[in-house]
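Please look over the sequence and the structure shown here before reading on. The report is meant to be read alongside them, one region at a time.

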Amino acid sequence: MQINFIPIDYDYFDFQGRNIIRIIGRNEQGKRVCVIDEFKPYLYAILKDEVTDKQIQELIKKIEKITIDLNSRTTKIEKIQIEGKNFLGKQVKVLKIFITNYKDAHPVADKLDFPEIQARREYDIPLLTKYIIDSKLEPLQTYIITGEIIDNNGYGGISNLDVSLVIKAEKIELIKEKQEFSPKILAYDIESDEFEIGKGEILMISLAGKNFKKVLTWKYCKKSADYVECFKDEAEMLEKFVEYIKKLEPDFLIGYFSDGFDLPYLRARAEKNKVKLSLGLDNSQPTFARGRIPSSSISGIVHIDLFRFIETVYSQYLESETLGLNEVSLELLGEGKKEFDFKHSGKMKEEEWSEFFEYNLQDSVLTWKLAEKFWPDMLEFSKILREPLFDITRDGMSQLVETYILHNLPNYNEITEKRPLYDEIGERRNLGKYEGAFVFQPSPGLYENVVMFDFTSMYSSVIVSFNLSKTTLTEKGKDTIEVGIGKDGTARFSKKPGFFSLMLKEIIEKRKKAKQEYKKNPSNYAKARSNAYKLLANAAYGYQGFFGARYYCREAAAATAALARKSILETIEKIQKAGYEVIYSDTDSICLLQDKKNKQEVLELLKKINSQLPGIMELELEDFYKRGLWVSKRASESGAKKKYALITEEGKLKIRGFETVRRDWCPLARELQSEVLKLILEDGKETRALELVKKTLKNLKERKIQREEIMIHTQLKKPISEYKAITPHVIAAVKMKEKGMPVDVGMLLEYFIAETREKKSLVREKVKLPDEKGEYNIKYYLEHQILPAIGNIFDVFNINIKEVADGKKQKKLGEF
DNA sequence: GACTTGGAGGTACC
DNA sequence: ACTGGTACCTCCAAGTC
């Protein structure tokens with residue numbers, strides 16, 4: 001029997017004490033099929049250099065006797081092979097020890113406590129990762145599987161799965177020709193009358209897929225839109241939900257915040273109603289794994305919480321201030337959630353129910369559209385990292401980097417380093433910070449004709465060019481480079497490339513390739529691939545400095561920052577020596593004034609600098625700007641770092657660090673500042689901007705400012721009780737709690753500062769929630785929002801904006 | 001009670 | 001705990017006069 005097969009969801013189970021892999025996927029006809037494969041687990045014992053062949057043979061005899069006896073199974077040593085491998089870049093002789101069940105790898109490793117063994121490794125790699133590495137059966141690629149059909153009795157009744165066939169793999173071959181795989185994506189969303197999980201009832205569930213829209217409910221059964229289906233009670237609705245999922249056969253069931261809300265809620269209500277939420281292809285119920293955010297999984301169907309994927313791989317590109325469904329959809333799809341005022345369900349009228357159904361459906365529709373939009377990204381990440389979608393949509397950046405490393409180590413014949421133990425993590429964290437990037441001290445002013453250079457993937461290119469990693473860190477020796485890393489002294493790295501820099505180099509090259517491919521033939525897939533490689537490259541530096549990393553190397557991270565500093569300082573010097581004034585620089589970018597030079601001369605300078613840069617380091621032109629503005633710090637005369645505004649020759653603004661881009665300032669101050677910056681950069685002078693300010697001040701004093709313009713948004717970063725300083729946003733949280741509104745860590749709180757009857761000195765005493773009655777506090781919005789936001793901009797023109805606000809006549813210095 | 005100062009807290013830049 | 005360090009700025013908390 002031979003089938004075409006695209007692996008989608010991976011799982012494993014024990015059969016007769018052994019690990020059996022179960023992969024759900026699609027065949028050529030789009031039918032859901034299951035491939036069964038046996039996993040042959042092993043771990044490595046790395047031998048000490050001086051161990052003789054005779055000693056090895058004796059050691060093997062001792063190891064062969066190891067058994068792990070448990071009630072349910074017995075793990076034995078199945079086979080031992082002697083192999084030559086690399087470990088941390090050094091050649092080693094190892095014993096590859098095959099065992100019966102991988103779940104016992106840890107206890108087996110504990111028993112390998114022999115003096116001939118210097119280290120035990122690869123007993124702590126996730127089983128499915130190990131399986132994918134060994135079998136090369138990677139997610140979302142197309143294979144030909146040759147094997148035998150498993151009948152009803154095979155593997156303890158595996159064929160009870162809801163699939164068209166189960167095949168035991170004998171041979172796995174990759175088909176090189178790309179086959180377009182379009183998955184069946186189904187999005188869902190629930191509405192409940194209480195936010196706390198399981199506390200209230202689920203009022204309705206919506207589903208959205210390709211040409212499919214449905215709202216299931218039981219609360220209101222009078223006439224409604226045709227997509228609404230009504231049932232007699234919550235239990236029946238839940239049963240129908242399960243039925244629909246089974247009928248629709250999605251590959252992916254996608255929610256938004258569904259890991260922590262929708263799926264756990266469904267499970268809790270199902271339990272309460274004594275309904276089995278048997279969504280799994282084996283009729284199992286969803287399971288939940290603990291973590292910072294719990295992960296909710298369904299056997300055989302990939303449950304994806306799209307929010308988590310967007311958060312890690314896309315949030316840095318979004319302008320949205322929250323990653324909520326509404327804002328993200330508005331930005332990416334140009335369409336937001338339906339407006340709907342929540343009321344207690346008992347008080348709703350017919351019309352309101354219709355609106356509620358529409359609202360619920362729209363959430364699923366948006367989630368589905370976003371899922372379609374992010375499908376290329378999910379696919380490419382999954383292919384590049386060779387891990388199932390379930391994992392790559394939930395992993396953080398460091399985990400993604402590590403996953404890439406794990407799957408690519410076999411190319412270097414490397415044995416994988418272990419995860420740091422709890423104590424090791426503690427020690428690493430206690431080391432504190434090392435010196436980071438260089439930031440140029442700017443001088444406040446409005447500049448004409450500004451040029452911006454930046455280093456392409458600077459930190460990655462430093463790591464690659466200087467070979468900085470755990471495996472190349474060395475004590476002494478020739479053919480090394482020495483890097484000063486501040487108070488930690490010096491670090492030395494061998495020049496012989498280690499796998500880390502080689503892998504990273506490959507990532508950068510693949511990124512370039514994907515980018516070129518995209519230019520030649522634009523497709524969402526090439527774009528997603530390019531982006532995935534870019535993110536991996538950018539996270540590699542942080543990974544080496546991350547205390548939880550297998551290949552943690554503080555020295556490498558510190559050396560990367562040190563060499564990047566050295567490089568940018570040298571480059572700045574070269575630019576200055578060429579006769580240019582450098583006005584700003586942060587980490588990997590340099591701003592200079594074009595002055596009387598023409599663009600060609602600037603580009604020639606760039607070319608010259610590039611010819612002298614080491615390794616793969618590269619400086620590129622970011623853009624030519626017509627004007628740029630830098631301001632002073634609030635508290636002093638000196639220029640503020642990480643705050644500037646530029647305008648391109650086409651009139652496009654680039655604003656960094658200013659209150660305009662900070663969500664914890666009210667829209668009034670932000671929008672005014674943004675307009676002021678725009679007018680000044682367009683005009684090259686402040687006249688029009690000043691008029692605008694005066695107009696706004698007048699509106700403020702006449703109370704003409706709209707409510708939403710004065711709302712301040714601040715995130716609640718920890719539970720209310722843990723705050724040492726009671727700041728305004730904490731008061732907002734307390735007030736919300738008192739009103740019975742949901743208050744969760746991570747929430748963006750909204751409040752405004754109101755006038756108070758008695759004189760109160762603290763800001764927090766004037767905090768009011770959006771729906772509270774009260775007038776905005778003119779003094780506060782003037783002195784704490786508007787003036788601070790524009791003050792140092794007008795300082796550049798020697799205008800004291802406070803005096804303007806007070807009605808005094810302002811003078812320019814030149815007029816004295 | 002007014003004022004200063006340091007720290008907590010949040011958010012941005014790269 | 002879930003990539004790193006650098007920087008700005010507000011408001012509170014606690015100290016000084």
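What follows describes a predicted model, taking its strands, a disulfide and the surfaces near DNA in turn.

## The hairpin at the start of the chain

Strand β1, which covers residues 2-15, pairs with strand β2, residues 18-26, in the antiparallel sense, and nine bridges hold this pairing. One of the pairs can be followed residue by residue, since Phe13 has Ile20 of β2 as its bridge partner. Two residues lie between the strands of this hairpin, and Gln16 there adopts a positive phi near 50°.

Strand β1 also has an antiparallel pairing with β9 (residues 143-149), in this case through four bridges. Within that pairing, Gln2 is found opposite Thr146 of β9.

## A five-stranded open sheet and its helix

Another part of the model holds an open sheet of five strands, whose order is β5-β6-β7-β4-β8 and whose pairing is antiparallel. The edges of the sheet are formed by β5 (67-69) and β8 (117-121), each of which pairs on one side only. On average, and with direction ignored, neighbouring strands in this sheet are turned by 30° against each other.

Inside this order, β4 (residues 42-47) and β7 (residues 90-99) run antiparallel and are joined by five bridges, and Tyr44 has Lys96 in β7 as its bridge partner. Helix α1, made of residues 53-64, packs on the sheet and touches β4, β6 (74-87), β7 and β8, while its direction makes about 150° with that of β6.

## The disulfide

The count of disulfides in the model comes to one. This link joins Cys221 to Cys230, with an S to S distance of 1.7 Å, and the angle of -70° about the S-S bond makes the link of Cys221 and Cys230 left-handed.

## The surface near DNA strand B

DNA strand B is surrounded by 19 residues, of which the closest are Asp588, Tyr644, Lys718, Tyr723 and His729. Of the atoms of DNA strand B that come within 4 Å of the protein, 89% belong to sugar and phosphate. Sorted by class, the residues of this surface are 10 charged, five polar and four nonpolar, and the strands β26 (639-648) and β28 (712-715) each contribute at least two residues to the surface.

Contacts with phosphate oxygens of DNA strand B involve both backbone and side-chain atoms of the protein. A polar side-chain atom of Lys718 is 2.8 Å from such an oxygen, whereas for Gly657 a backbone N or O atom lies 2.9 Å from one. Val661 likewise places a polar backbone atom 3.1 Å from a phosphate oxygen of this strand.

## The surface near DNA strand C

Around DNA strand C there are 32 residues, and the closest of them are Ser398, Gly436, Arg764, Tyr780 and His784. Here sugar and phosphate make up 90% of the DNA strand C atoms that come within 4 Å of the protein. The residues of this surface comprise 15 nonpolar, six polar and 11 charged.

Two side chains and one backbone position can be named for their contacts with phosphate oxygens of DNA strand C: polar side-chain atoms of Tyr780, at 2.6 Å, and of Ser398, at 2.9 Å, and a polar backbone atom of Ile726, at 3.0 Å. The elements that supply two or more residues to this surface are α10 (397-408), α14 (524-544), β26 and α20 (778-795).

How values were computed: Residues are numbered from 1 along each chain as its sequence is written. Chains are lettered from A and ligands numbered from 1 in the order in which they are written. This is a predicted model: local features need pLDDT of at least 70, side-chain atom pairs count only at pLDDT 80 or more; totals for chains, interfaces and linings use all residues. Side-chain values use heavy atoms; hydrogens and water are left out. Two strands pair if DSSP finds at least two bridges between them. Axes are lines fitted to C-alpha atoms, for helices over the stretch in contact, and angles run from 0 to 180 degrees between N-to-C directions. Contact means heavy atoms within 4.5 Å. A residue is near a molecule or strand if one of its heavy atoms lies within 4 Å of it. A polar contact is a pair of N or O atoms within 3.5 Å; within protein, one must be able to donate a hydrogen and the other to accept it, and residues adjacent in sequence count only if both atoms are side-chain atoms. Ala, Val, Leu, Ile, Met, Phe, Trp, Tyr, Cys and Pro count as nonpolar, Asp, Glu, Lys and Arg as charged, and the others, Gly among them, as polar. A disulfide is a pair of cysteine sulfur atoms within 2.5 Å.
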